[in-house]
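The following exercises concern a structure with its sequence. Please work through each task before reading its solution.

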Amino acid sequence: MPILSTLNLKKYYGKDPQTTVKALDDISLTVEKGEFVAIVGTSGSGKSTLLHMLGGLDRPTEGKVTVDGNELFAMSDEKLTIFRRRSVGFVFQSYNLVPILNVLENITLPIELDGGRIDRTYLDEVIQALGLQSKIHSLPSNLSGGQQQRVAIARALATKPSIILADEPTGNLDSKTSQEVLILLKQMSEKFNQTIVMITHNESIAQTADRIIRIEDGHIVSGNAAPAGAKTL
Ligand code: ADP
Ligand code: ADP
């Protein structure tokens, strides 16, 4: 069973039929566990709307999103918030680190907030894999953009989420650092069998992913074939 799927997902903005924007129009897709998938489209194609639906941040007009067997929009807002906290990791263009907390505190914050137990062995592995060992006591303001994004990736991995959603994760980085961060995302996906879905408008950024799903005007135009070896729906 895919770790993530959408079925006939629609998101329309505005009630007046004359001016309704069909940001997503009948999106059905599947992502298998451990895949690193890029969703690519030009500005206005519906990427952010889709990512918000996949993360349960906003409700669709119609259709389903299922993450790890849980149908997101069948849940109450309260349940959905808890589910999101436990099961979805977010990585943003703007890193969103807490400036007064050091690197280690930033990484463990979502676990602390959720009252979860910290798996020290796993956490050390994540920190090591992202090359952050010597930085754990540093404040974000003393780190480069690439280092800050590596912290954000570690924070997303820390809770062992079902999926990580990355929104233009290299949008604030130069091209060399972008490549490094993308390679790390791919390595994390392989090493920890972590499912990662990234949105980007940049075709060359997308090339690092295992699979590219292209969207235009709220429709998938290519890339929704199941990976080799996986069963189709
Ligand atoms: P992308 O992330 O690919 O740039 P978006 O998902 O942001 O695309 O937007 C898809 C379409 O939906 C665009 O036409 C955009 O103007 C519209 N849209 C997005 N959010 C809203 C909103 N809150 N209200 C009205 N229209 C919106
Ligand atoms: P970017 O700067 O890359 O566009 P933002 O930081 O503005 O990304 O976040 C994109 C959207 O996701 C915003 O609408 C924001 O409110 C929401 N968001 C950000 N972090 C979280 C979070 N941890 N949980 C829920 N929603 C979030």
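**Exercise 1.** Determine which residues surround ligand 2 and which polar contacts they make with ligand 2.

*Solution.* Step 1: ligand 2 is surrounded by H52, L57, F92, Q93, S94 and N96, a residue being near a molecule if one of its heavy atoms lies within 4 Å of it. This is a predicted model, in which local features need pLDDT of at least 70 and side-chain atom pairs count only at pLDDT 80 or more, while totals for chains, interfaces and linings use all residues; side-chain values use heavy atoms, without hydrogens and water. Residues are numbered from 1 along each chain as its sequence is written, and chains are lettered from A and ligands numbered from 1 in the order in which they are written.

Step 2: a polar contact with the ligand is a pair of N or O atoms within 3.5 Å. A backbone N or O atom of Q93 lies 3.1 Å from an oxygen atom of ligand 2. Side-chain N or O atoms of S94 and N96 lie at 3.1 Å and 3.2 Å, respectively, from an oxygen atom of ligand 2.

Step 3: the protein buries 49% of the 560 Å² that ligand 2 exposes when taken alone (Shrake-Rupley method, 1.4 Å probe).

**Exercise 2.** Describe the surroundings of ligand 1 by residue and by element.

*Solution.* Step 1: the residues around ligand 1 include Y13, V21, S45, K47 and S48.

Step 2: an oxygen atom of ligand 1 lies 3.2 Å from a backbone N or O atom of S45, 2.9 Å from a polar side-chain atom of K47 and 2.5 Å from a side-chain N or O atom of S48.

Step 3: strand 2 (21-31) and helix 1 (47-54) are the elements giving two or more residues to this shell; helices (H or I, at least four residues) and strands (E, at least two) are DSSP runs numbered from the N terminus. Helix 1 supplies the largest share, 3 residues.

**Exercise 3.** Establish the strand order of the open sheet and explain why strand 6 and strand 10 stand at the edges.

*Solution.* Step 1: the open sheet has 6 strands in the order 6-7-8-3-9-10, with mixed pairing; two strands pair if DSSP finds at least two bridges between them.

Step 2: strand 6 (88-92) and strand 10 (219-222) each have a single partner strand, so one side of each lacks a neighbour in the sheet.

Step 3: strand 7 (residues 163-167) and strand 8 (residues 195-200) run parallel and are joined by 5 bridges. L165 stands opposite V197 in strand 8.

Terms used. A polar contact is a pair of N or O atoms within 3.5 Å; within protein, one must be able to donate a hydrogen and the other to accept it, and residues adjacent in sequence count only if both atoms are side-chain atoms.
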